[in-house]
Amino acid sequence: MLSVQENQPVEFSATLLEKFAEIVSRYPQGKQKSALLPILHLVQADYGWLSSDAMDKVATYLDIQPIEVYEVATFYTMFFLKPQGKYNLEVCRTGPCCLVGAEKIMKHIESRLGVKEGEVTADGLFSWRGVECLAACGFGPVLQIGPEYTFYENLTEDAVDLLIDTLKNNTTQQA
Amino acid sequence: MAEEVVNFKVTIDGIPVEVAPGTSILNAARQIGGDIVPPAMCYYSKLEGSGGKCRTCLVKVSKGSEKDPRPMPKLVASCRTTVMDGMEVQNITSPEVVEARKGVVEMLLINHPLDCPVCDQAGECKLQDLGYEHGSEGTRYEFERRTFERIDIGDKIQLHMNRCILCYRCVYVANQLTNSREHGILNRGDHSEISTYIHKALDNDFIGNVIDVCPVGALTDKTFRFKSRVWFTKPINAHRECTCCSGKVTLWYKGEEVLRVTGRKDEFGEVEDFICNTCRFDTKKTADWILEAPALLDEDSVIMVNQYAQFNPPTVIKEDDKLQLANEEQLARTERLK
Amino acid sequence: MGRKLLLQHINEPGIHTFDVYRQKGGYRAVEKALKTMSTDEVVEEVKKSGLRGRGGAGFPTGMKWSFLAKPEGVARYLVCNGDESEPGTFKDRFLMTHIPHALIEGMIVSSYALGASVSYIYVRGEMMPQIRILERAIQEAKAAGFLGTNILGTGYNLELYVQPGGGAYICGEETALLESLEGKRGNPRIKPPFPAIAGLYGCPTVVNNVETIASVVPIINDGGDEYAKIGIERSTGTKLISASGNINKPGVYEIELGVPVEEFIYSDEYCGGIANGKTLKALVAGGSSVPILPNNLICKTISGNPRLMTYESLADGGFATGSMMGSGGFIVFDEDQCIVRNTWNFTRFYHHESCGQCSPCREGTGWMEKVLHKIEHGQGTVEDIDLLWDIQRKIEGNTICPLGDAAAWPVAAAIRHFRDEFEWHVLNPKESQSRNYGLAHYADPITAVTQ
């Protein structure tokens, strides 16, 4: 049983609802459930993760049962049911990337961030995890960062350091 | 006048049968009956879309049809494969099928807690029967078994996910018999679980049927929990006037007391009618019912203690060394029972 | 240099934009098909081309199209499978990133041929950048009159949408993809019915891989016969190969089917040889699910013939000594790689990606991963190797969808060809933790078997 960690109520913005409507219009009448995955992606991009309240509201919007949303959200690995770091580094851990050093990169990220896979750094900025094949095997090791899913290829330990530093600096500048 | 339907001729383990077009291999085999009927853990004839998942009913199609006699390249799920005219099917007369089924049983059991001694389903558990008939002694699995927390879904039903074989029958029941489905399958792969996600009671007039359709002890009746082993109870068919359902049930007596009410099950373990929660959970006095007669029990059932059915293989098995070997364990058991 | 049909203009600056793509002859196939050909004629050209599905199964595309049911008054759908997730395969990402219009053009022509008025491109959710690229390309094409109502004044209407997945390899299986597109869990459907009869929303549907759809463009432009002239036997045309692993030049290459494997690995036109002066140890020729081959079965088949990059030649010898073309995910292993570790890694992948619907795959993939993990970490026994063999045998062929087979084959092939490396692991538990088994005898020539 998954426990819902934080359960603050959410309210979808007007822009978000507009996007929902556009997505629903892509499918035949009565097949609005097709919009579920794209809508969950949009909600997650806005809130960083999917709370049960957010999922319930999506269910209401699409006129489906909440369980239908939970079933989907727990099946697909891209949906987070608890908060992640602001930058969630997802490193490919599958065969071809491992042939060119993905395991070393993951170890480096772990020691650099000082948190284990799936955990969030104290400042809330970073989390990381190994994910299965990202279909970029010729450019490995690779990692991606949501919600834009920006892609970083041919990683080295130095490149990872640079990336982490840049993301940190960006955040301090924004603040 | 309706057009006359031309039946298809099918042969299963050498036994011919004529069935209506559109019949599945499994249902054709059920029309023949006996040992050549493939076991089915997930298929349920009254639940649309069920079947195909557990893979225990795999059979070999050695001849596709009269028109296209080519055999099918892989074993097929007999519950979801429809017959063709002239089709020839092998179930226990195919060593390949016997072997594959043994594999499926092993897979179903590697993460099963084998807690039959404390499981209310013991004695009428399809997985027990399956393990007994098609499994092997001992396990080759040496890793920690997957575990889940027990969940009460409402005050009448308990979900014991450790025992679940993910047949999806309960989900189909909720989809097809109730207005709003509140439970479903969460997560994926071997972490999949039946759940409501957020603790939620399943309260709906017909939700109790998830207990009857569950082939294992994953969904059990809390009003019957630990009251008695099923083989100490006596099933009596009874009925009552009910505004919700047919009111046709089986009462399970221990002495004078009705410990449990279930739907009436046929020889393949399927209920004849789905019954409502009021009949199942809240109507447990003899005075509420008009008793009919003792319920017929499955010969294999442990409730029929010491009356195990023997394995009666078709003659072809007796004449073939390979098939003898494939069915070795079943034959040996019959010997032991003599 | 081999002919390039898909990547001909790959180095053209701005080829991802409509204008440059159009300048380079793009959208000619749409004009030709919609204005001068009947839908049946388009299907006929694809049949003549001998094009086979580029997603992995290699089923003839024209034949698949001709199975599509066409009941009156029922919508038909074309769905493009862009859920590229097979380890070792990254050609579709490459194509969608750099020449998105090739896919859009292919979608228009194919949708026309199949009589679809709404089509979807299902792209795996992780490829958000590619989804944005495709959506922009669709807008450009629509603005230029190649999509929408009354395309090029021919009266043909088509809307094209991009649908993101959510992170699930299984959605590359066509019926799981359709389930996902309907907003459900990616559980493969039990067949029959096949999508050609009842697919998306219960309507007749064709699901084709990205590269397959893009290949329809040159087929229409030059004619099916011309396309069929490229390649050997039943392997016609060109194929995108994703080359990765320990090679000098990993990347996506378009080859004419029939190039010798040896040339593909060692020539500078393609992989450029094994990286860092090492020796080739093993090859996975078509994505992680196809059987792995040891060095001495890679460049030559067991009969002593040169092995070619064709569906037939890669499969020469069956599973005993051959492999498969699959999706063209070409993963090269050098002498420093450990086959046991890699097999464990692949099995972890399939375990992670099993949908959990049917029992042999749900339970068996996890079991195999645990046994392999044990062996890889020096705690295995010789019996574990036999157990592993038995588990994969009980998964293969007994599942609802091909993921079971895909999980079983790599394990079977690894044990078949590298059994002594597994045995070395269990017999030398300590040593196996500190060094690799290396090349061993895997490059030793084997005597050709002649019939």
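**Exercise 1.** What distance separates the centres of domain 1 of chain B and domain 2 of chain B, taken over C-alpha atoms? Describe also how these domains meet in this predicted model.

*Solution.* Begin with the bounds: domain 1 of chain B covers 8–105, and domain 2 covers 111–294. The centres of the two domains, taken over C-alpha atoms, lie 27 Å apart. Next, consider the contact, in which 17 residues of domain 1 of chain B meet 17 residues of domain 2 of chain B. On the domain 1 side, α2(B) supplies the largest share, three residues. That side comprises seven nonpolar, four polar and six charged residues.

**Exercise 2.** Determine which helix of chain B gives the most to the side that touches chain C.

*Solution.* First, state the extent of the contact: chain B contributes 25 residues and chain C contributes 22 residues. On the side of chain B, helix α2 (residues 95–110) gives the most, with six residues. The composition of this side is 13 nonpolar, five polar and seven charged residues. For the complex, the predictor reports an ipTM of 0.94 and a pTM of 0.94.

**Exercise 3.** Compare the expected span of helix α14 (residues 339–353) of chain C with the distance between its end C-alpha atoms, and establish how far the helix is enclosed.

*Solution.* Start with confidence: chain C has an average pLDDT of 96, and 99% of its residues score at least 70. Helix α14 of chain C has 15 residues, and at 1.5 Å a residue, the expected span is 21 Å. Its end C-alpha atoms are 21 Å apart, which agrees with that expectation. Finally, 15 of the 15 residues of α14(C) are buried, so the helix is largely enclosed by the rest of the structure.

Key. Residues are numbered from 1 along each chain as its sequence is written. Chains are lettered from A and ligands numbered from 1 in the order in which they are written. This is a predicted model: local features need pLDDT of at least 70, side-chain atom pairs count only at pLDDT 80 or more; totals for chains, interfaces and linings use all residues. pLDDT is the predictor's confidence in each residue, from 0 to 100. Two residues are in contact if their C-beta atoms, placed from the backbone, lie within 7 Å. Helices (H or I, at least four residues) and strands (E, at least two) are DSSP runs, numbered from the N terminus. Ala, Val, Leu, Ile, Met, Phe, Trp, Tyr, Cys and Pro count as nonpolar, Asp, Glu, Lys and Arg as charged, and the others, Gly among them, as polar. The expected span of a helix is 1.5 Å times one less than its number of residues. A residue is buried if 20 or more other C-beta atoms lie within 10 Å of its own, exposed if 12 or fewer, and partly exposed in between; C-beta atoms are placed from the backbone. Domain bounds come from an automatic or database domain assignment.
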